[in-house]
Amino acid sequence: MIEVNNLVKTFDKKTNVLKGISLTIHDGEKIAIIGPSGSGKSTFLRCLNCLDDPTDGQILYNGVDLVNPKVDINLYRRKMSMVFQQFNLFNNKTVIDNIMLAPLYFEKKNCKKENKTRAQVKNEIRERALQLLDKIGLAEKADVYPSKLSGGQKQRVAIVRALAMNPDVMLFDEPTSALDPEMVGEVLAVMKQLAASGMTMVIVTHEMGFAREVADRVLFIDDGIIMEEGTPQEVFENPKCARLKDFLSKVL
């Protein structure tokens, strides 16, 4: 599905954050990315859908190079939804309105093509949003404002908001790092459900137990390169590089 070739990202023309990352992501694969803070993990994730423009290299999505300035990147961002560390919900909109905002923006443009009224499109999007909320146990919060939600509830809503775009790939940038420890489990449970459904997922995480349980492949990134990759069993139980061994000794 996604092929990354020699991806480089430099800030201020002197700070090399990514130093030539190459990676293939297959349809339905779950990839966990681990590593110390400042190693380039989040930058790599943001480059995947060009929230940060790569300095060099290719990001091929089903054969289309997203780095090419002629490509309509917004079209492909719809296919690669992202969940951030912070929830980024609009506090002046209810939960249901937060979820419906992006689908409404895009689908209203297709009303004439599909021979539907705007009201019909809005009702369909609302129905899907309610179904998604029900799946994560928050249907009763549809008309509540984000300020009335716990951190774990906000992050679950953020996941549903990303799912509402019917993406092919979900990108998670340390989705539990801003949560109190007791709220982490409820967010990870939703992500496990998503993984079980067959969604392609790329997850930057510090939750080693979650990575071990859910990932098909684990990448260890440090100093802007992939230092080691393999199955969870290979990475966690039989690490080869000294830097990974040192990292795991501090986090496990």
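These are my notebook entries on the cores, one helix and the main pocket of a predicted model.

I number residues from 1 along each chain as its sequence is written, and side-chain values use heavy atoms, without hydrogens or water. Because the model is predicted, local features need pLDDT of at least 70 and side-chain atom pairs count only at pLDDT 80 or more, while totals for chains, interfaces and linings use all residues.

**Core.** I looked up the largest nonpolar core (buried Ala, Val, Leu, Ile, Met, Phe, Trp, Tyr and Cys residues joined through side-chain atoms within 4.5 Å; buried means under 20% relative accessible area with a 1.4 Å probe, protein chains only), and found 39 residues, with L133 and M191 among those having the most contacts inside it. The element giving the most is α7, with 8 residues (helices are DSSP runs of H or I, at least four residues, numbered from the N terminus). Beyond its neighbours within four places in sequence, M191 is in contact (heavy atoms within 4.5 Å) with residues including I159, F172 and F210.

**Helix α3.** I noted that V95, I96 and P103 are among the buried residues of α3, and that their cover includes α5 and α6. A kink of about 40° lies at L101, shortly before P103 (the angle between axes fitted to the seven residues ending there and the seven starting there).

**Pocket.** Which residues lie nearest the centre of the largest pocket? I found R77, S81, M82, A102 and M165, out of 21 lining residues (a pocket is an open set of points on a 1 Å grid over the protein atoms alone, where a 1.4 Å probe fits, with protein on both sides within 12 Å along at least five of seven lines; lining residues have an atom within 4 Å of a point). The largest share of this lining, 5 residues, comes from α3.

How values were computed:
Buried means under 20% relative accessible area, exposed over 50%, partly exposed in between (1.4 Å probe, protein chains only). Helices (H or I, at least four residues) and strands (E, at least two) are DSSP runs, numbered from the N terminus.
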